Amino acid sequence: MNKLFSIGFWSWVARFILRNRTWILIVIAAITVLLALQWKNMRFTYTEANLLPDDHPINLEYNKFLSHFGEEGNLIVMGVKDSSIFTPEKFKAWNKLSEDIGKFNEVELTLSVGNLQKLQKRIDTTGFELVPFIKDSIFTSENLAGYEDELYNKLPFYDGLIYSPDKQSIRSAIYMKKDIVNTAARKDFVVEDLIPLIKKFEEDTGVKVYTSGMPYIRTLNSQSIIDEIGLFIGAALFITSLIFFFFFRSWRATFISMFTVIIGVMWAFGFLGLLQYEITVLTALIPPLIIVIGIPNCIFLINKYQQEIKLHGNQAKSLQRVIAKVGNATLMTNLTTASGFATFILVNSELLREFGIVASINIVAIFLLSLFIIPIIYSYMAVPKYKHLKHLNKTWINSFVNWIERMVKEQRITISITALLLLCASIIGIYNIKISGSLIEDMPKNTGFFDDIRFFEKEYEGIMPLEIMVDTKKKKGVMNLATLKRIDRLQEHIKEIPEFAKPISVVELVKYSKQAYYNGNPDYYQLPNSQERSFILSHAKSSNTDTNMLSSYVDSTGQFARITTFMKDTEPDRFDRIEEDLNAEIVKIFPEERYNVTVTGKALVFQKGTHFLVNNLILSLSLAIFLIALFMAWMFRSFKMIIVSLIPNLLPLIITAGVMGFVGVPIKPSTILVFSIAFGISVDDTIHFLAKYRQELIANNWKIKKSVYGALRETTVSMFYTSIVLFFGFSVFTISSFGGTVALGALVSITLLFAMLSNLLLLPTLLLSLEKSIANKQTMKKPAIEILSDGEDEENDEKLK
């Protein structure tokens, strides 16, 4: 019954396509136009990926922090490390740069040496006042030397804020308006306004400017993603078309295949626009992925068509068999590939869910496009000539097939031992794998902004913001002296952690108030004692209102205080120890009955997001294996065949994981994707081989060896062709400037190469070694999906007419 249904269904599909070819092409053209109209809805991401679900406790704490203090990532910093900056001409240019930047509507304020405010006692009253640090309008070498000395030696308030701890560099801070920092206006400001001004300053003065900060990093990082989309598509089209032509030696077949996958790329962009998903570092990979995955479909269809033409020369019969026979098998392989991507939909991460949805939809779409376009276009063309079919007789590919067959016949023990040794070595390598939670590790390292990140990490001891929010549980509780002392004690502890920069909080302003009271003597830059608190704290409160510098470090009610520090790029294991130590110190300093203290910020959110993602993607891979096992069970109705089919596909994954451990590639969001993607693709070869193997069993009256070698000879060429295309296709991603994309491309390529060898060598070896328990009529029951055998073709040609 299943067999009859399969024959009947695919007979109907073949008739439908070939009888309605004009209308199908019109429908494809109409859908392409409609999806192209959706391109205008494509959006590029303006925020870094949040890998945690919205209801995760870490996200909830971070959102609570934002509700009190607003967007934290609105700071851009410009730094210079040049001893000549305090010369009149260059100092004037540096101040003018900050002034010009501050005039833009996107900027809330700028903080630079030229507009620093200095706190001092009033002469006429007992209060404090803010006065300009720079009093002179004309700069000379003498007065600038005095300002430099005063800044470095008498204003500890600006240590780590304006000048570096080693007093070798200075920087300016640009605070963007919080309501536009996550919008397209940020990109326009950074790219069109800020960068040209900085370049002009560098040209005029010869002073190198280092620029960083989350808005700046995110803008240039997103721009790099956008720039690489076209590069990937072009490279993928070039390399796959080159390999395709090398195999087929036919311009016609190459152009038809390229036309098909280009339509698929247009659809991919259309679906992104239709669903209104942002183009992220992951979704940017989908268009070139469609090229790489679509070309094997074209290879199977065109190769089968040319084989049929060579066999009997009847074009109509050839096209019918291509649709009915190859369409059936290709549907199953595309569904398994799509299921590998679709498992990401179940991961509780918006970034991966969107990637999984769009990728799985487009994989099914490129299958349908291949199935419709290739037979229809060939139906309008002349029958291929002998020169188009010469590639079917290549001696080098026949030599490869003979080598594979000889290895399986004569070296089965060697193959088994080699597989076992690779498994053991890989397990050792797996134990050396580390998890990476670095926010900047995958950023393009050959760019200027990455060098700038390292500059600020070195000079200012960190770039990624980490926030600590102190809830005093009562209004105006922050300015209580006991609370300030507790905050100061925690800040002293943070200073001892080498990965953290000097923390900033309202405590710094209070210390500065005491210094001002004692006529600016830096020895008094400390918290007031109990006798001084009444008058110094009252002035500190009013000063906090007057200065823009620290107004965001206490909320409007005075109940919540904020401590901001910046963290260096830190390994996850080290970060976990730091977090544990920090939380232990918080518990000691802030009694839980009086305070609620939470550690948050983008650095923490990303670190936790990486751990969350790794755990969820392990579940995703497990689900992919389970789903594909169900496919096998549905196709072959045999538990033993499920086990045999999974082993050659799991071994390459284990080997790749071992390679990662030995060469030091960490587990991170980009590399963890490798396993689900590669498994979904590599199992396609297994399906093709086992489907043909079962056909051979029936045709050869259940003679095991003859059936295995027959299946091997029949499937090796197509498996080799598609694996080479996939290998070089995924290798395209290694030209990326993003470390994660490079790792993804290289690891998937390696895994698929191992998978091809595993399916050509280990799978037949397993079938032959276990022949008595596997290959019999009871074990190999009729599959739910019947792939037509060669002997049935003539019978079914009549049904296809």
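Two aromatic rings, from Phe, Tyr or Trp, count as a pair if their centres lie within 6.5 Å. The exercises below apply this and related ideas to a predicted model.

**Exercise 1. Find which residues form one aromatic cluster, and decide how the rings of Phe-590 and Tyr-595 are arranged.**

Step 1: under the pairing rule, the count of aromatic pairs comes to 27. Step 2: the rings of Phe-590 and Tyr-595 have centres 5.2 Å apart, and their planes stand at 80 degrees. Step 3: planes over 60 degrees apart count as edge-to-face, so Phe-590 and Tyr-595 make an edge-to-face pair, and both of these residues are buried. Step 4: one aromatic cluster is formed by Phe-86, Phe-91, Phe-139, Tyr-152 and Tyr-163.

**Exercise 2. Work out whether the span of helix H21 agrees with its number of residues, and locate its kink.**

Step 1: H21 covers residues 639-663, which is 25 residues, and at 1.5 Å a residue the expected span is 36 Å. Step 2: the C-alpha atoms at its ends are 36 Å apart, which agrees. Step 3: a kink of about 30 degrees lies at Ile-647, shortly before Pro-648. Step 4: just after H21, Gly-664 has a positive phi of about 85 degrees.

**Exercise 3. Determine which strands stand at the edges of the open sheet of 3 strands.**

Step 1: the strand order is S10-S9-S11, with antiparallel pairing. Step 2: S10 (560-567) and S11 (596-600) each have a single partner strand, so they stand at the edges, with one side of each left without a neighbour in the sheet. Step 3: S9 (residues 464-471) is joined to S10 by 8 bridges, and Met-469 stands opposite Arg-562 in S10. Step 4: helix H19 (residues 572-589) packs on the sheet and touches S9, S10 and S11.

Technical notes:
Residues numbered from 1 in each chain as written. Predicted model: local features only at pLDDT ≥ 70, side-chain atom pairs only at ≥ 80, totals over all residues. Heavy atoms only, no water. Helix = DSSP H or I, 4+ residues; strand = E, 2+ residues; numbered from the N terminus. Expected span 1.5 Å × (residues − 1). Bend = angle between axes of the 7 residues up to and from the residue. Pairing = 2+ DSSP bridges. Contact = heavy atoms within 4.5 Å. Axes fitted to C-alpha atoms, helices over the stretch in contact; angles between N-to-C directions. Phe/Tyr/Trp six-rings, centres within 6.5 Å; stacked < 30°, edge-to-face > 60°. Buried < 20%, exposed > 50% of the residue type's maximum accessible area, 1.4 Å probe, protein only.
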